[in-house]
Amino acid sequence: MYGASDPAAADRTAFRRAEKQYKLYKPPNLKGRSRSRSRSKPDGVEGGCGDLSAVVDFHALLAADGELPAGIGRSNCAGFDHPVFCFLDRPGFYFIPGALSTEEQCYWIRESLKTFPQPPNRTNLTAIYGSISDLFVAAKNRKILVEVENSDVQEKEQNNGDGKTESKYSKFVEDSEIQKGEGCRSTRATTLMRKLRWSTLGLQFDWSKRNYDVSLPHKRIPDALANLAKNMAIPAMPFGEEFKPEAAIVNYYGPSDMLGGHVDDMEADWTKPIVSISLGCKCIFLLGGKTRDEVPTAMFLRSGDIVLMAGEARERFHGVPRIFTESDQQEISALVSQLSGEDDCFILDYIKNSRININIRQVY
């Protein structure tokens, strides 16, 4: 799903070459930035650092409000209040720029960090540390996770979610509570927050088996998220049908993270869209073809943008080769202003160098 079986062969594909191009891109220095942006749009890569001239910027197209470039269209959907763009040769793909207000973005960032990693939702940390409650609060308060295997003091049976049960006692403590020489492992909660890469909501996805495991404990997707997904899915839904959110995967990107080219193919009905919400730092999104040999189209995804992929678009390889954290902080200046309060300091420090993606799916 997230990589090729033959890495050497993958390096020779058009999709892999595009991934490398944008991952290795180095922004020009501030002195030459305005001049660089005013150049005409050449094809390919220039100089040693490449350029972003071929990257589609739907926000710029929306602001220009003029004739659209060849191959790009506007999708008109009755009763849908947001502008929607599409690629004429790639049916089933819809781009909704600025779909969420700054207040809505901040709400979902908070939920993604505070609520969505909470048990029974599983994360990439579950298999290593067991269920972790209140990770965000512990990280904000600079606490430390202490683990004691087979403890005689307090032993608690934990199910890792993969059918295996082990004895593990873990809790968050202050620095001063850790006894030197105590037989336990410890990890700072802030470190765990930075190691967080995904969490699953609703029906739980089993990454090892690549399917949804209905036997795993889970809660319904929160009503507010389900309603948002239903409303935003309208442009991609068959006439007269309503999107039914049953599962979601939340991806957390650090400064150097990427998501390799893959196809989301584990849901039963591909006519129903994946509703993908972008939060935090800007990224480059690649939309390719049904094989990695087809040259992908690159586009910017910014905080508050929503992408829909349904039907034929579900068969196309796509990925995120690059997020932008080194510069261009003006891209999230509205978020910085909104999260400037004392209670949000930890969230602000996190989101300045991170991207969060919530993608909601109808499984059956």
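Strand S18 makes the greatest contribution to the lining of the largest cavity, supplying four residues. The model examined here is a predicted one. S18 covers residues 355–361, and it shares the work of lining this cavity with strands S11 (247–253), S12 (259–262), S13 (274–280), S16 (306–309) and S17 (318–323), each of which supplies at least two residues. The space enclosed there comes to about 200 Å³. In total, 19 residues form the lining, and those nearest the centre of the cavity are Asp 264, Ser 276, His 318, Asn 357 and Asn 359. By character, the lining is made up of 10 nonpolar, six polar and three charged residues.

A search of the whole structure turns up three cavities of 30 Å³ or more. The second largest holds about 70 Å³ of space. Its lining draws on residues including Pro 117, Pro 119, Asn 121, Thr 123, Gly 130, Ser 131 and Ile 132, and also on Leu 196. What kinds of residue surround this second largest cavity? Six are nonpolar and five are polar, while none is charged.

It helps to step back to the whole chain for a moment. The protein has 364 residues, of which 50% count as buried, and its secondary structure consists of 11 helices and 18 strands. When contacts between residues at least 6 apart in sequence are considered, 76% of them join residues at least 24 apart.

The next topic is the packing of the interior. In soluble globular proteins, nonpolar side chains tend to be buried together. In this model, the largest nonpolar core contains 56 residues, and the members that touch the most others are Leu 113, Leu 225, Ile 277, Ile 306, Ile 356, Ile 358 and Ile 360. A second core, separate from this one, has 20 residues, among them Val 56, Phe 58, Phe 85 and Phe 87. Ile 356 offers a good view of the largest core's surroundings. Leaving aside residues up to four places away in sequence, Ile 356 touches Ile 109, Ser 112 and Leu 113, along with Val 250, Asn 251 and Tyr 252. The contacts of Ile 356 also include Ile 277, Ser 278 and Leu 279, as well as Tyr 350 and Ile 351.

Helix H5 is worth a closer look. How far apart should the ends of this helix be? H5 runs over residues 102–114, and at 1.5 Å a residue its 13 residues should span 18 Å; the C-alpha atoms at its ends are indeed 18 Å apart, so the expected and modelled values agree. Several residues of H5 are buried, namely Gln 105, Cys 106, Trp 108, Ile 109, Glu 111, Ser 112 and Leu 113. An α-helix has 3.6 residues a turn, so residues three or four places apart point the same way.

The loops that follow H5 contain some notable backbone geometry. Pro 120 sits in the loop between H5 and helix H6 (126–129), and the peptide bond leading from Pro 119 to Pro 120 is cis, with omega near 10°. Further along, Asp 134 belongs to the loop between H6 and helix H7 (135–140). The phi angle of Asp 134 is near 60°, a positive value in a residue other than glycine. Asp 134 counts as partly exposed because its relative accessibility is 41%. Arg 142, in the loop between H7 and strand S4 (144–149), likewise has a positive phi, of about 60°, although it is not a glycine. At 51% relative accessibility, Arg 142 counts as exposed, because the cut-off for that class is over 50%.

Two more loop residues show that a loop position can go with either burial or exposure. Leu 203 is placed in the loop between strand S8 (198–202) and strand S9 (205–206). Is Leu 203 buried or exposed? Its relative accessibility is 13%, and because buried means under 20%, Leu 203 counts as buried. Beyond residues up to four places away in sequence, Leu 203 touches Tyr 212, Val 214, His 218, Glu 246, Ala 247, Val 363 and Tyr 364. One of these, His 218, is 15 residues from Leu 203 in sequence and 6.2 Å from it in space, C-alpha to C-alpha. Asp 81, by contrast, is exposed, with a relative accessible area of 74%, and lies in the loop between strand S1 (72–74) and strand S2 (85–87). Asp 81 and Met 232 are 151 residues apart in sequence, yet their C-alpha atoms are 9.9 Å apart in space.

Key
Residues are numbered from 1 along each chain as its sequence is written. This is a predicted model: local features need pLDDT of at least 70, side-chain atom pairs count only at pLDDT 80 or more; totals for chains, interfaces and linings use all residues. Side-chain values use heavy atoms; hydrogens and water are left out. On a 1 Å grid over the protein atoms alone, a cavity is a set of points where a 1.4 Å probe fits but cannot get out, and a pocket is an open set with protein on both sides within 12 Å along at least five of seven lines; lining residues have an atom within 4 Å of a point. Grid points are joined across faces, edges and corners, and a volume is the space filled by probe spheres set on the points. Ala, Val, Leu, Ile, Met, Phe, Trp, Tyr, Cys and Pro count as nonpolar, Asp, Glu, Lys and Arg as charged, and the others, Gly among them, as polar. A nonpolar core is a set of buried Ala, Val, Leu, Ile, Met, Phe, Trp, Tyr and Cys residues joined through side-chain atoms within 4.5 Å. Buried means under 20% relative accessible area, exposed over 50%, partly exposed in between (1.4 Å probe, protein chains only). Contact means heavy atoms within 4.5 Å. The expected span of a helix is 1.5 Å times one less than its number of residues.
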